[in-house]
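Please open the model in a viewer and keep a selection tool at hand. The tour proceeds by selections, each followed by an account of what is found there.

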Amino acid sequence: MSLRSRLALGCALPLSLALALACSASAQTAKPMLGFTPDSAQRERALEGVYDKQLDGSEMRAWLEQLSSEPNHVGAPHNKANAEFMLAKFKEWGWDARIETFYVLYPTPISESLDLLGPKPFTAALHEGPVEGDRTSGKTQNALPPYVAYQGDGDVTGDLVYVNYGMPEDYKALERLGVSVKGKIVIARYGAGWRGLKPELAQEHGAIGCLIYSDPADDGYATDDVWPKGGQRPPQGVQRGSVQRMMLYSGDPLTPGVGATKDANRLTRETAQTILKIPALPISYADAQPLLEALGGQMAPRNFRGALPITYHVGGADAARVHLAVKSDWSLKPIYDVIATLKGKDFPDQWVVRGNHHDGWVFGATDPLSGNVVLMEEAKAIGQLAKTGWRPKRTLVYASWDAEEPGLIGSTEWAEAHAEELQKKALAYVNSDSNERGFFGAEGSHSLQTLVNQVASETPDPETGVSVADRLKGKFMLDAASPTAREDVKLAAAATANGGEFPLPPLGSGSDYTGFLQHLGVASLNVGFGGEGEMGGVYHSIYDSYDHFLRYGDPTFDYEVALAKSAGRIMLRLADGEAPPMRFTPVSSAVAQYLKEVKGLVDKDRTGDEKLAHLLAAKAYELSNDPLHPLAAPKPEAPVPALDFSALDVATSRLDAAAKAFDAAYATNLGRLDRKQQASLETLLSGMEQGLTSAEGLPGRPWFHHMLYAPGLLTGYGAKTMPAVREAIESRRWAEAQTYIVVTAKTLDTYAERLERGASSLSAK
Ligand SMILES: [Zn+2]
């Protein structure tokens, strides 16, 4: 812990609840604490003061060095050793801990090759190699070579086409250039959308293979000095990752919806929907440059051009020919989830769950171990509190997941295996993953927005001493002042400018909350610091190492301590509140905002169509065409029909009234509830988020039950809110949009009805 953060807390007492109470309670008395009365808030702050004193950056540093000292991907000996090390630690700290094992399909490469054929033949190195000053970078004995998991394997030869980021708009641009990828091998650069969409969209467009490379424009020398001089991606660095179609369902591809236990019913590799059919390989920019340089054909459109010292062409007519072969071992592998429990004294059947994964792609110092050691530190500090005789009111569950990298597998299998129990007992799930210097970030369920804001306003930023909430507010103001500011940033700046809460961005996917939030309907958060480190440049490469983290992640471990403080407070307040600290007007505001956005999309489509029709009618494309570089005109769209949003209008108003009534009743009656009221409030709130789910799930992907937040089918990690309605509109499936306006409205009605019931039971005397 830094000097500054110790001063901010203002006391230096030994571990004693009574003494700490007197000290830290005075500092923060004025601030409200959701779920607590003034008296219980004072006791809770005292507890948090003692908790803070247990946090020790040097301890996290030692664990990080040990856990990242050898390759720790799924199946690596060190990954299992790490799980066993954590198990012993949790036990030592007084937790009831165990390892839960699942058996999952996890492909590992047997062989891979990539050759450029033709006049200037070139064989790709597909190898990262040691770097001076990075002590683990030469330790490749148990490491896997760069690859993307759940690509399709294959041995293909074909012409190469450069597809920019390989996103839908890039294919539209190629179509206007008259370039097809059918029967070709595509090369896409990382960025602009989730990795897995690149080979998936390539496959949909008829490509027979897919390469993905990291352009220096995005995380290499055009952004900063490269490792080891700076933190960014060196020429030979490769981003590994999963290309499993996680937008259909996450977890083991062979066991959707059920835990991958030893004798679970399994699909075959061929019938699993989430595995791709074409071979794919990630490569470095050192390997990509000769391939891109060999491409002829038309000049790549301006937005396709990266930072390599070449002229970017798309290929096509005058293409380079390449040979790509990938072969994997498709056997089942065991995975090890470490689960630790501290039983609650008042509501043992109410669980507050915290998780971070422990598997990496190679050494995984930042991703995931920087977050995992914070989770360990929290568990240690909470264990110390328990040794003084304190017990949480509700049960705490701390989990270190395995196999997140290949497809959120450890957390998803656990969530599926314990679905019924979790839907009955889990009040909330709090996730973290990579952590580094920078700004506090939290995304997730809006019922937890007030709790998060309150905690952020009491967590000091280690380098500036102001609260992490105030720093965030300053950033929103500055970002919103930019002429290119995003709408959500402007909204956040406007909300915080007049003293309001910063809105939580919604969760899409990309880490272990998905199984809890979107499959089971457990209120979830993802928290962490970031934006001022440089882990992006070594993301999923062999150089995401302890040495890199020490220089460019969080050299002082102060942001590791800051995360343990903020996430720990969120956990303690969820576990200890007189009632669960949830508030629902932030939910109704978010819903109103999402409805406004989806309506806006329809209007935007209509105006866009009219503009295009006008340009087409005036023959603007033909008239301005350059015959030497012809560009086809876009195709006209079928007209947008009128959509009837009245069901959502009515549901949103009802939700607004219900949320206000509930929040008012909660504020008035907290601390005055009888046993029966208290018990029914506990049950209501732990099942509340499930009110936002529908049993049938999203169209075409029934595993995703949440009707308010989902990963986008065409964005991957990026969130889509009111996803069934929004994605139907975005893809111009108007009838489906109309159907899901009604389905989503019904879900919101269920949620509002629960709040109405809750409000009247809180107020009943
Ligand atoms: Zn991760």
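The stops below concern salt bridges first and cavities afterwards.

**Overview.** The model is predicted. Across the structure there are 48 salt bridges, and three of the pairs, together with one network, are visited here.

**Stop 1: E48 and R569.** Select E48 and R569, whose side chains form a salt bridge with an N to O distance of 3.4 Å. The partners belong to distant parts of the chain: E48 sits in helix α3 (residues 38–54) and R569 in helix α18 (residues 558–576), with their positions 521 residues apart in the numbering. Are these two residues buried or exposed? Both E48 and R569 are buried.

**Stop 2: the network around that pair.** Extend the selection to R45, D52, E458 and R573. Together with E48 and R569, these residues are linked in a network of salt bridges.

**Stop 3: D749 and R654.** Move next to D749 and R654, where the side chains meet in a salt bridge at 3.5 Å, N to O. This pair likewise links distant parts of the chain, with D749 in helix α24 (residues 734–763) and R654 in helix α21 (residues 646–669), 95 residues apart. The relative accessible area of D749 is 26%, so D749 is classed as partly exposed. R654 is also partly exposed, because its relative accessibility is 30%.

**Stop 4: K660 and D656.** Remain on helix α21 and select K660 and D656, which both lie in this helix. Their side chains form a salt bridge of 3.0 Å, N to O. How many residues apart are K660 and D656? They are 4 residues apart, about one turn of the helix. K660 has a relative accessibility of 48% and therefore counts as partly exposed; D656, with a relative accessible area of 30%, is partly exposed as well.

**Stop 5: the largest cavity.** Leave the salt bridges and turn to enclosed space. A search of the whole structure yields 2 cavities of 30 Å³ or more, and the largest cavity holds about 50 Å³ of space. To display its lining, select L698, P699, R701, L713, P723, A724, E727, R733 and E736. Which helix gives the largest share of this lining? Helix α23 (residues 723–730) does, with 3 residues. Colouring the lining by residue class shows 5 nonpolar and 4 charged residues, and no polar ones.

Terms used: Residues numbered from 1 in each chain as written. Predicted model: local features only at pLDDT ≥ 70, side-chain atom pairs only at ≥ 80, totals over all residues. Heavy atoms only, no water. Salt bridge = Lys/Arg side-chain N within 4 Å of Asp/Glu carboxyl O. Helix = DSSP H or I, 4+ residues; strand = E, 2+ residues; numbered from the N terminus. Buried < 20%, exposed > 50% of the residue type's maximum accessible area, 1.4 Å probe, protein only. 1 Å grid on protein atoms, 1.4 Å probe; cavity = no way out; pocket = protein on both sides within 12 Å on 5 of 7 lines; lining within 4 Å. Points joined across faces, edges and corners; volume = space filled by probe spheres on them. Nonpolar A, V, L, I, M, F, W, Y, C, P; charged D, E, K, R; others polar.
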